[in-house]
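Reader: I'd love a close look at a single part here, followed outwards into whatever surrounds it. Could you take your time over it?

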Amino acid sequence: MALLNLLFVLVAAVAAFALAGYGFGRLAESGVRRAELPVLLRGLGALAGAVAAALCAWGLFIVVGAVVTAQDGGTDSAPPQSCRTAGWWERHQRGVEIVDYSVSYLPLGFVCETSDGGSYDNGDVPGYLNPALLGFALAGAGCVISAGYVSEMRARRRHGNRAGEAQ
C-alpha cells in the first residue's frame with residue numbers, strides 16, 4: 001500500500017510541476033498585462049491546478065508516512081503507532097480496540113477502525129489541507145472553463161460579424 005501511495009505522490013508532484021510550467025509559460029508568453037483574457041485565464045487555471053496538485057502530493061506524502069509507521073512491525077506495534085491519538089488508551093480500557101486502518105483519498109486522511117465498528121481520522125493531515133485542495137482545484141477548473149467560454153463568445157462574435165458582412 002505504501003508503494004502505491006508513493007506512486008500517487010510522484011504523479012501528483014509531476015502534475016504540479018507540469019501545470020506550473022504551462023501556467024507560467026502562458027503568462028510569460030505575452031506578459032500578464034498584455035495577455036488576452038482567455039490566455040490569462042488558462043495560465044491562472046493551470047497555476048491553481050498546480051497548487052492543488054502540490055497540496056495533494058503533500059497530503060499523500062503525510063499519509064504515506066502514517067502508513068509506513070503503521071506497518072512497522074515488531075515490539076510495540078499493536079495498536080499501530082499512527083492510531084495512538086489522544087484518548088486511545090481510555091478507549092482501550094473500556095474494551096474498544098483499534099483493529100485496522102485504511103487510507104481515505106477523498107478527503108485525504110488516515111482512518112483508524114475500532115472493534116465497535118467505528119472509525120476516526122488520526123489527524124495527521126492538517127485540517128486546512130482538504131478545503132484548500134478543493135478550493136484551488138475548483139478555482140483552476142473555473143478559470144479553464146471561463147477561458148473556453150470567453151474564446152467561444154469571441155469566435156461567435158467574429159463569425160457573426162463576418163456573416164453580416166457577406167449578406
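What relative accessibility does Leu4 have, and what does Leu4 count as?

Author: Happy to! This is a predicted model, in which local features need pLDDT of at least 70 and side-chain atom pairs count only at pLDDT 80 or more, while totals for chains, interfaces and linings use all residues. Residues are numbered from 1 along each chain as its sequence is written, and side-chain values use heavy atoms, leaving out hydrogens and water.

Leu4 has a relative accessibility of 45%, so it counts as partly exposed; the class lies between buried (under 20%) and exposed (over 50%). These areas are Shrake-Rupley values with a 1.4 Å probe, and only the protein chains shown count as cover. Leu4 sits in helix 1, where helices are DSSP runs of H or I with at least four residues and strands are E runs of at least two.

Leu4 also belongs to a nonpolar surface patch of about 790 Å², together with Leu7, Phe8, Leu10, Val11, Val14, Tyr105 and Leu106. Patch members have over 30% relative accessible area and no salt bridge; nonpolar side chains are joined within 5 Å, like charges within 9 Å. Helix 1, spanning residues 2–30, gives the largest share of the patch, 6 residues. Patch member Leu106 is joined to Pro107 by a cis peptide bond, with omega at about -10 degrees. Pro107 itself is in the loop between strand 1 and strand 2.

Now for Asn5, which is in helix 1 too. With 0% relative accessibility, Asn5 counts as buried. Asn5 touches (heavy atoms within 4.5 Å) Val63, Val64, Val67, Val103 and Tyr105, leaving aside residues up to four places away in sequence. Tyr105 is thus on this contact list and also in the surface patch.

One of those contacts of Asn5, Val67, leads us inwards. Val67 is among the residues with the most contacts inside the largest nonpolar core, along with Cys83, Leu108, Phe110, Cys112 and Val125; that core has 21 residues. At least two core residues come from each of helix 1, helix 2 (37–71), strand 1 (98–105), strand 2 and helix 4 (129–166). Helix 2 gives the most, with 8 residues. A core here is a set of buried Ala, Val, Leu, Ile, Met, Phe, Trp, Tyr and Cys residues joined through side-chain atoms within 4.5 Å.

Cys112, from that list, touches Ser82, Cys83, Ile98, Asp100, Tyr101, Gly118, Ser119, Tyr120 and Asn122, again without residues up to four places away. Ala66 in helix 2 is buried at 2% relative accessibility. Under the same sequence limit, Ala66 touches Ser82, Phe110, Asn122 and Asp124. Ser82 and Asn122 therefore appear as contacts of both Cys112 and Ala66.

What about the rings? The whole structure holds 3 aromatic pairs, a pair being Phe, Tyr or Trp rings (six-membered for Trp) with centres within 6.5 Å, called stacked under 30 degrees between planes, edge-to-face over 60 and tilted otherwise. Trp58 and Tyr128 make a tilted pair, at 6.3 Å centre to centre and 35 degrees between the planes. Trp58 is in helix 2 and Tyr128 in the loop between strand 3 and helix 4, so this pair ties together parts 70 residues apart in sequence. Trp58 is partly exposed at 35%, whereas Tyr128 is exposed at 53%. Tyr101 and Phe110 form a stacked pair, with ring centres 5.1 Å apart and planes at 25 degrees; both residues are buried.

Finally, the charged pairs. There are 3 salt bridges, each a Lys or Arg side-chain nitrogen within 4 Å of an Asp or Glu carboxyl oxygen. Helix 1 holds one of them: Glu29 and Arg26 are 3 residues apart there, about one turn of the helix, with their closest N and O atoms 3.8 Å apart. Glu29 is exposed at 60% and Arg26 partly exposed at 25%. Glu36 and Arg154 meet at 3.2 Å, N to O. This pair links distant parts of the chain, with Glu36 in the loop between helix 1 and helix 2, and Arg154 in helix 4, 118 residues away. Arg156 and Glu152 pair at 2.9 Å between closest N and O atoms, both in helix 4 and 4 residues apart.

Conventions: Buried < 20%, exposed > 50% of the residue type's maximum accessible area, 1.4 Å probe, protein only.
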